[in-house]
Amino acid sequence: MNEFQSLPFHLQLLVREYGQSTYQLIQGLRQVEDVAERTRRAAQIVQLILRLKPTLRDQPDIQTRLWSHLSALLGEEMELEAPVALRPVSLRVTRPKPVPYPRQPPRLRAYGRAIEALIAKALTLESPADREQAAIQIGRTMKFLFRQHNKENAKDATIIRHLSELSNGQLKLDPALVDQEDLFEMGPGVAPGTGGNASGGSRAPFAAQANQPRRTPPPSGNSYGNNSFGNGPKRNKKSGKKGRQEPQQPPQ
């Protein structure tokens, strides 16, 4: 076991933050007996850290943070005449437990575990109207995820059947109503599960675009012919053409 692994976990985090080379420089301060000289070299290490990580300069109280970290890595028994008040560093002494990886795969791979969590949340709603609105939003998101996963569009009947399977038959929608009002369709720029009402409100962007005035296309032809400072057709220098073609002379 090396010296780095024998450190407490919160000091190991500091070493990883500033690097092994900076940690070796800080440990070299232990050989300096004069407190004033040790403080002067510690200030140089702080400036070196700011040069290696210039983004730290914009953070508030960065001097207090760096001097406190340097003192923690050096050891509390080593005295320093720091220009700021030092704060104790004890973020986390023990290593956190690893997050358990889910062992159970999703029932339908195209939708993932997030859809199952949304369905479980929708089943807790007591109002039938709220549960129907949640089912519509979930079905709309499922159709978007199905298209992303399979690279093809899914029929509304397929999404309704999958929604019923994932909810064990507790979330049901009328296929005729979904097809008539396009409840699973999303307008351009609308993210899954956002905006819109039960009657196909996601198509509102189309209505907003229809009320906008149409842009007139630019005039065709030479752009120099109809401007405010042009007096007629101009000579094209690249092609060598003029507004009026001159007769060519026969070869001698």
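# Notebook: an all-helical chain

I began at L166, which I found in helix 7, working throughout on a predicted model rather than an experimental one. With 10% relative accessibility, L166 counts as buried, since the limit for that class is under 20%. I then listed what L166 is in contact with once its neighbours within four places in sequence are left aside, and the list holds R107, L108, Y111, I115, E116, I119 and M142. I also looked up the spacing between L166 and A120, and their C-alpha atoms are separated by 9.2 Å although the two residues are 46 apart along the chain.

**Entry: the chain as a whole**

I stepped back to the secondary structure and counted 9 helices and 0 strands in the protein chain, so that, read from the N terminus on, the elements run α-α-α-α-α-α-α-α-α. Of the 252 residues in the protein chain, 30% are buried. I next took the contacts between residues at least 6 apart in sequence, and 50% of these join residues at least 24 apart.

**Entry: the nonpolar cores**

Which residues touch the most other members of the largest nonpolar core? I found that L66, L70 and L73 do so, in a core of 23 residues. Helix 1 (9-18), helix 2 (20-28), helix 3 and helix 4 each supply at least two residues of this core, and helix 4 gives the largest share, with 6 residues. I followed L66 further and, leaving aside its neighbours within four places in sequence, noted contacts with Y18, V46, I49, L50 and L56. Apart from this core lies another, of 20 residues, and L166, my starting point, is among them together with I119, M142 and L171. I set beside this the general remark that, in soluble globular proteins, nonpolar side chains tend to be buried together.

**Entry: H69**

I turned to H69, which is found in helix 4 (residues 62-74). H69 counts as buried, because its relative accessibility is 11%. Not counting residues up to four places away in sequence, H69 touches L14, Y18 and V89. I noted that Y18 appears here as well as in the list of contacts for L66.

**Entry: the largest pocket**

I recorded a volume of about 220 Å³ for the largest pocket. Its lining is made up of H10, L11, S68, S71, A72, E76, M78, E79, L86, R87, P88 and V89, and V89 is also one of the residues that H69 touches. By class, I noted 6 nonpolar, 3 polar and 3 charged residues in this lining. Which helix gives the most to the lining of the largest pocket? Helix 4 does, with 3 residues, while helix 1 and helix 4 each supply at least two.

**Entry: salt bridges**

I searched for salt bridges and the count came to 6; I wrote up three pairs in detail.

The first pair I took was E37 and R40, whose side chains meet in a salt bridge at 2.5 Å, N to O. These two residues are 3 apart in helix 3 (residues 35-52), which means that they are separated by about one helical turn. E37 is partly exposed, with a relative accessible area of 21%, and R40 is likewise partly exposed, with 43%.

I then looked at E116 and R113, whose side chains meet in a salt bridge at 3.5 Å, N to O. Here too the residues are 3 apart, in helix 5 (residues 112-122), and so about one helical turn separates them. How do the two ends stand, buried or partly exposed? E116 counts as buried at 19% relative accessibility, whereas R113 counts as partly exposed at 41%. I had already met E116 among the contacts of L166.

The last pair I wrote up is D156 and K143, whose side chains meet in a salt bridge at 2.9 Å, N to O. This pair links distant parts of the chain, with D156 in helix 7 (residues 156-166) and K143 in helix 6 (residues 128-150), 13 residues apart. Both ends count as buried, D156 at 15% relative accessibility and K143 at 5%. I closed the search with shared partners, and found that such salt bridges join E37, R40 and R41 into one network.

Definitions and conventions:
Residues numbered from 1 in each chain as written. Predicted model: local features only at pLDDT ≥ 70, side-chain atom pairs only at ≥ 80, totals over all residues. Heavy atoms only, no water. Salt bridge = Lys/Arg side-chain N within 4 Å of Asp/Glu carboxyl O. Helix = DSSP H or I, 4+ residues; strand = E, 2+ residues; numbered from the N terminus. Buried < 20%, exposed > 50% of the residue type's maximum accessible area, 1.4 Å probe, protein only. Contact = heavy atoms within 4.5 Å. Core = buried A, V, L, I, M, F, W, Y, C linked by side-chain atoms within 4.5 Å. 1 Å grid on protein atoms, 1.4 Å probe; cavity = no way out; pocket = protein on both sides within 12 Å on 5 of 7 lines; lining within 4 Å. Points joined across faces, edges and corners; volume = space filled by probe spheres on them. Nonpolar A, V, L, I, M, F, W, Y, C, P; charged D, E, K, R; others polar.
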